[in-house]
Amino acid sequence: MANESSLKLFEFVTAAKNKGASDDFLASFLARRGWAQDDVYAALGRYWESVTGVAVPDRTATGESARDAFLYLLSFSTLATWATALGSMLFRLIDYWLPDPLAPHQLLSVRQMVTWQMASIAVAFPIFLLAMRTILREARLSPERLKSGVRKWLTYILLLLTAGAMIGDLIWFLDYFLQGELTSRFVLKCLTVMLIGGTIFAYYRSDHRREEDLRAISRAVYYRVQTAGEPMPETIASLVDKWQATDPETGKRYEYRVKSGTQYELCAVFDEPAEQNRYPSQFWHHGKGRTCFTLDAKTNPAW
């Protein structure tokens, strides 16, 4: 059964490539149809082997994956350290400002209560910033490293843990609410967890999403006009889902305008500039702030 599915996938990929579909479009399209990424790339590799007559070479291991793992583990562990310390410090300050009348009187000063948390933040936060600065600098110079399997796995593990913390916080809040035991002190602690966890989740969820979104939009336009033979779309609403159509910086839809003929313009807002590099996608070459790209629907977006 597996071989039959692989054969059908290969036949579809071959037929689509003969019609001018790009590798990136096929990878995105088939992933949305539920195909595993490894199966899709295996079919693409098999296609190019048949076209070129050369087997796809096996990539030898390098130190990049180990370095990426070190940097991401360092950034995530220090993030967990200072975020936990920040939450603990805020919990203690809430207890100090809104003391429980039934609890033993606290004789310690505020400074004595939060020295450990302050020390943890003072050590872990600068290391976190240094690790993230290194990661972002290397990503600007070699954006292909953002597709590293190590990065994706560790990022999604972080998202899972953060989502778990927020879900647990909501359950905790609902439990006390149903019991009628909500207090100002308890609500503030729940908000603290939600604010810290939500900020971390939102940042890593939107991290480097714009470039992927813009490529997905451009591939959709190319497929609609060049492959399907349809007229230029007036809006991007019908091309991609709502997540890929929304700029995470502004919360609004990406700007899309038809200029003339098959030329169109895509605009987005970027947090940081990206330097010129060997990566072929022009979406990696931009300044800080609002940037517009002029594209042609007849050009195969094979980045």
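How many helices and strands does the protein chain have? In this predicted model, the protein chain has 8 helices together with 3 strands. Read from the N terminus on, the order of these elements is α-α-α-α-α-α-α-α-β-β-β, and the points below take up the chain as a whole, its nonpolar cores, a nonpolar patch on its surface and one arginine.

**The chain as a whole**

- The protein chain counts 303 residues, of which buried residues make up 38%.
- The area that the protein chain exposes comes to about 18200 Å², and 61% of this area is supplied by carbon and sulfur atoms.
- When contacts between residues at least 6 apart in sequence are considered, 65% of them join residues that are at least 24 apart.

**Nonpolar cores**

- The largest nonpolar core is made up of 17 residues, and those with the most contacts inside this core are L214, V221, M232, Y256, Y264 and L266.
- Helix α8, which spans residues 209-227, supplies at least two residues of this core, as do the strands β2 (263-270) and β3 (289-296).
- Of the elements that contribute to this core, α8 gives the most, with 5 residues.
- A second core, separate from the largest one, has 16 residues, and among them are L71, F128, I135 and I200.

**A nonpolar patch on the surface**

- Y96, W97, L98, L188 and L191 together make a nonpolar surface patch of about 510 Å².
- Two helices, α4 (63-97) and α7 (184-206), each supply at least two residues of this nonpolar patch.
- One of the patch residues, L191, is found in helix α7, and L191 counts as exposed because its relative accessibility of 52% lies over the 50% cut-off for that class.

**A buried arginine**

- R151 is found in helix α6, which covers residues 149-179.
- R151 counts as buried because its relative accessibility is 10%, a value that falls under the 20% cut-off used for buried residues.
- The side chain of R151 also makes a polar contact, at 3.3 Å, with the side chain of Y72.

Terms used: Residues are numbered from 1 along each chain as its sequence is written. This is a predicted model: local features need pLDDT of at least 70, side-chain atom pairs count only at pLDDT 80 or more; totals for chains, interfaces and linings use all residues. Side-chain values use heavy atoms; hydrogens and water are left out. Helices (H or I, at least four residues) and strands (E, at least two) are DSSP runs, numbered from the N terminus. Buried means under 20% relative accessible area, exposed over 50%, partly exposed in between (1.4 Å probe, protein chains only). A polar contact is a pair of N or O atoms within 3.5 Å; within protein, one must be able to donate a hydrogen and the other to accept it, and residues adjacent in sequence count only if both atoms are side-chain atoms. Contact means heavy atoms within 4.5 Å. Accessible areas come from the Shrake-Rupley method with a 1.4 Å probe; for residues, only the protein chains shown count as cover. A nonpolar core is a set of buried Ala, Val, Leu, Ile, Met, Phe, Trp, Tyr and Cys residues joined through side-chain atoms within 4.5 Å. Patches are made of residues with over 30% relative accessible area and no salt bridge: like charges are joined within 9 Å, nonpolar side chains (Val, Leu, Ile, Met, Phe, Trp, Tyr) within 5 Å. A salt bridge is a side-chain nitrogen of Lys or Arg within 4 Å of a carboxyl oxygen of Asp or Glu.
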